Every structure is written in C-alpha cells, then in structure tokens.
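Here are a few exercises to work through with the model open beside you. Try each task before you read its solution.

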Amino acid sequence: MIRILSGASFKAAGGLLKDIQSRQLHGTYDIAVVGAGIVGLATARELILRHPSLSFVLLEKEKELSLHQSGHNSGVIHSGIYYTPGSLKARLCVRGATLAYEYCEKKGLPYKRCGKLIVAVEQEEIPRLKALYERGMKNNVRDLTIVDGKGIRDREPYCRGIMALDSPYTGIVDWRMVALSYGTDFKEAGGTVVTEYEVNDISMIKESPSGSTEGMKYPLAVRDNKGNELRCRYVLTCGGLYSDRLSQISGCSREPRIVPFRGDYLVLKPEKNYLVKGNIYPVPDPRFPFLGVHFTPRMDGSIWLGPNAVLAFKREGYKVYDFSAQDFADALLFRGLQKLIMRNITFGVGEMYRGLFIGAQVKNLQKYIPELSLSDVIRGPTGVRAQALDRDGNLVDDFVFDGGVGDVGSRVLHVRNAPSPAATSSLAIAEMIADEVENRFTL
Ligand SMILES: Cc1cc2nc3c(=O)[nH]c(=O)nc-3n(C[C@H](O)[C@H](O)[C@H](O)COP(=O)(O)OP(=O)(O)OC[C@H]3O[C@@H](n4cnc5c(N)ncnc54)[C@H](O)[C@@H]3O)c2cc1C
C-alpha cells in the first residue's frame, strides 16, 4: 500500500503521516525526488519554492519521513571548522549553519547555541588543534578562538585539557523536526509526498501508451517494488544509505559505494547532566572522516556520549544483531572495503571492543571529564552513517553530486555522498542542487 499525503493531513499530524488514500498511482510530475531525509526534503522544498508552476513528487520507502540518518544523529549545528578550505563541505556547512539558524528563528523551531570546545588532552595534539584553528579561520567560521586550560574550565567546569578551540557559534537542534518542517513547507507549496514507495527502477518509457503523447512529455518511469509506477521528466535521488543502489538502478555508476558505519551512543544518567554544559569534542584523528566520540547535549536536556564507528552488518540496521546477508556480502566483496579493513584493522578492532565493553569507552571519555564513571552512563540510541568509499579503499570525504550519461542518466541527478555535516548544510545543499537542476535540465 502506498500513502499519498495531502497538505492538511500532513500538517495536522505535525509532519507525521496519516493514511488518507491508497491506490495504484499513475501520476505524472515534472520532477520526482527520491528519499525524504533532510537532504531530499530541503531540496524538494527549495525547488518548489523556486518553481511553483512545476509539479513535484517526493517518494519515500518508509511510512514516515526522515527516519534514518536524519532521525538518528547527534543533533549538532556544526560551524564548519574541520573541512578542507574551498571544499563543498566547508562552503556548504558555513552557509548552511547560518541558514539553519535563520530558518529555526523564522519557524519558531527550538534550538540552542550552546557552543563547542575541541579539547587537546595530550601535547602531541596541539599542532593538530592549531591547524584546525587555521582551517576554521580560512573557512570563515564565526567567533573561533583558542583557549588554555583555565579557559576550558571557565566554560566547562568538569572538563580537563591543555588547550581547546572554542566555537560559541556551534549549536544543537532536533534535525528530524527541522526536516519535517521542510516537508510541511513543500506540501504547503503544492508538492505531493508519497510514502511506502520503494523505488527499484528508473528507466525510459520506450513507447507512449495507446498512442498518447503523454508518455513522451514525461519519458521517465519511476517504479516501486510493488508494481506501482509514476512518470516524470526528471529525477533527483537523495537515498542516504542506498544512494549507490539508486544510482545503479538508473544505469549510472555504482561507485563510490556506500559502506554503513554504526555509531552507538551512551547516555548520561540525568543526575550527572551537570558534568556537561555544551558540546565537548576530541581533536579528530586525521586518518578518519569521523569527528570522534563526543559529549553532546540534546534538546530534551539529556546528554549523549558518542558515537563510535564500527562497520554495520546491515544498512539501516540499528540493533547490534541486525544482519542482512545481501548488505554484508555486498560490503565484504567490495575491494575498496577489503583494502580499508586491512589498513585500519587495529582501529576497527578497538572501536568494536569499546562498543561491546562500555567500560573501555568510559575510560576513553575520562580523559576529558575525569569525574565520569561507568555507573554514570547507560547504553543509548544508535545511528548508521552512509559513508562513501572508492575502490582503492579511500573514504570519500567531500559531498558528491553526480549525474549520468545516456537517455536516463542525463535526466537524473544523484546525491551520492552526503555525510555529516549534511544536516547542518541541508539548506545550502538544497540551493546548490537546485542551481544544478536548473543548469542540467530544461525546466
Ligand atoms: C550517527 C550520526 C551522527 C550525525 N551527526 C550529525 C550532526 O550532529 N550534525 C550534522 O549536521 N549531521 C550529522 N550527521 C549527518 C546527517 O545526519 C546526515 O548527513 C543527513 O541526515 C543525511 O541526510 P539524507 O537525506 O542524505 O539521508 P537520510 O536521512 O538517510 O535519508 C535518505 C532517505 O532515502 C530513503 N530511501 C532510500 N532508498 C530509497 C528508495 N529506493 N526508495 C525510496 N526512498 C528511499 C530512506 O528511507 C531515507 O528516508 C550524523 C549522521 C549520523 C549517522
């Protein structure tokens, strides 16, 4: 059964979905957007606001919107410190953070600008911390300063370190709430949202049905796994953990491949929440794209510690024992992953160990907050990151947006790699993709 959401039902449910209609769908649209995570929703919103006379449909395989990465993340509004100057991540994060704050203000969505410290606890981390400061300055990150041990304690009384980067512009928000608000904007502008529509084929229609020219005006068929079909002129895919498979089914390259990395969080017991005021991050290890296990306050007042990074046995698998033979075989047979594992076996085993034995993780976190003890934490939620990987085993660091060739490929644009900070960057990514759609396609 597929579900089509009207503006009224979507709004009444606060963006959470109500069944209002179910039928075989044979609609025609100018643009179909596949995937209703924060990137798909932000982009569908931007496109319909720019082109109100065109028809848009947003297709999502789940019953509800933004259930995956956009609903399972740290909830940080990043300020843009880490990213290579001039990269898409650097540009889109800095602009995206500004747009995100403005959007939340305009819509009355709750957020907190609670700041962030990136803390060096060893002398050997100081050169890397200073290099990060230089990067942040090149990226035009606002209000960034370096503080000493006393400066750290002034901001975070229970945190110990020898030097830190202080980023007061960093904040927190519920990214799923933001994503659902983009969805409401899209609906109110006349867009159609269809859930429980798992796209498994995107191809050209060979002939128009019964001699009608309709099929030629909308030459692409977008089919789901239950025999439903709709037609459109152009397709944009924003499939998160399935972005490589969506690319493959439209005849475009399967690479870079997506490798899923689980990230488990611990949660501080409420009576210990006084230990943490804002975000506290380690100095990241430059060999990995992940920022390291951090302390993060949540909008509900709780404090999360994490996430770690271990290879997941299932895309979108949130439980320790979630396993998909297809996903697992797919990952392990990929030469890029084999090379990555060989190069990082020690780190990988360490992360798995700290994931299984939370005492080891707490010991690691005590470097930042010595007062923390094992009895202060409980196991918390899990997220799964979509990390793109090339065939040489290199993690693809920057955002990747890509089309294809041939009849189908020239009508499709794929968001191939949108890892963190894509939630922060979502409105800026949407602007960039909308520009790209206007350049590539004849709207
Ligand atoms: C643990 C973790 C912590 C993070 N922390 C932060 C943070 O603090 N700040 C930040 O800015 N970013 C953070 N991120 C990154 C951020 O959450 C993601 O980059 C962002 O949510 C990606 O959005 P997306 O729309 O590309 O993907 P998703 O949210 O995964 O959405 C993809 C959607 O596509 C749908 N889909 C897939 N295949 C199909 C199909 N065949 N047919 C129909 N629908 C399909 C899926 O069901 C899903 O709804 C974090 C990510 C993780 C995992």
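**Exercise 1: a strand residue**

A164 lies in strand β8 (residues 163–167); strands here are DSSP E runs of at least two residues and helices are H or I runs of at least four, numbered from the N terminus. Before going on, two ground rules. Residues are numbered from 1 along each chain as its sequence is written. The model is predicted, so local features need pLDDT of at least 70 and side-chain atom pairs count only at pLDDT 80 or more, while totals for chains, interfaces and linings use all residues.

Task: work out whether A164 is buried or exposed, then list what A164 touches.

Solution. Step one is the cut-off: 20 or more other C-beta atoms within 10 Å means buried, 12 or fewer means exposed, and in between is partly exposed, with C-beta atoms placed from the backbone. A164 has 27 such neighbours inside 10 Å, so it counts as buried. Step two is contacts, meaning C-beta atoms, placed from the backbone, within 7 Å. Skipping residues up to four places away in sequence, A164 touches L117, I118, V119, A120, V147, G151 and I152. For G151, 13 residues away in sequence, the C-alpha to C-alpha distance is 8.2 Å.

**Exercise 2: a charged residue in a loop**

Task: place E60 in the fold and find its contacts.

Solution. Start with the loop between β3 (56–59) and β4 (76–77), where E60 sits. Next, count: 28 other C-beta atoms lie within 10 Å, so E60 is buried. Leaving out neighbours within four places in sequence, its contacts are G35, A36, L65, T195 and Y197. Finally, look along the chain: G239 is 179 residues from E60, yet their C-alpha atoms are 9.1 Å apart.

**Exercise 3: around the ligand**

Task: which residues of the ligand shell are closest, and what classes does the shell hold?

Solution. Take a residue as near the ligand if its C-beta atom, placed from the backbone, lies within 6 Å of it. That gives 42 residues, the closest being G35, G37, G240, G383 and A422. The elements giving two or more residues are α2 (38–50) and β19 (377–389). Now sort by class: Ala, Val, Leu, Ile, Met, Phe, Trp, Tyr, Cys and Pro are nonpolar, Asp, Glu, Lys and Arg are charged, and the others, Gly among them, are polar. You should get 19 nonpolar, 18 polar and five charged residues.

**Exercise 4: helix α14**

Task: check the span of α14 and pick out its buried residues.

Solution. The expected span is 1.5 Å times one less than the number of residues. Helix α14 (residues 426–440) has 15 residues and reaches 21 Å from its first C-alpha to its last, close to the 21 Å expected. Its buried residues are S426, L427, A428, I429, A430, I433, A434 and V437. Their cover includes α2, α3, β13 (229–237), β20 (400–402) and β21.

**Exercise 5: backbone oddities**

Task: which peptide bond into P307 or P421 is cis or trans, and what is the phi of N140?

Solution. Most residues other than glycine have a negative phi, and most peptide bonds are trans. Going from G306 to P307, the bond is cis, with omega near -10 degrees. From S420 to P421 the bond is also cis, with omega near 10 degrees; P421 lies in the loop between β21 and α14. N140 isn't a glycine, but its phi is positive, about 65 degrees. With 14 other C-beta atoms within 10 Å, N140 is partly exposed.

Definitions and conventions. Two residues are in contact if their C-beta atoms, placed from the backbone, lie within 7 Å.
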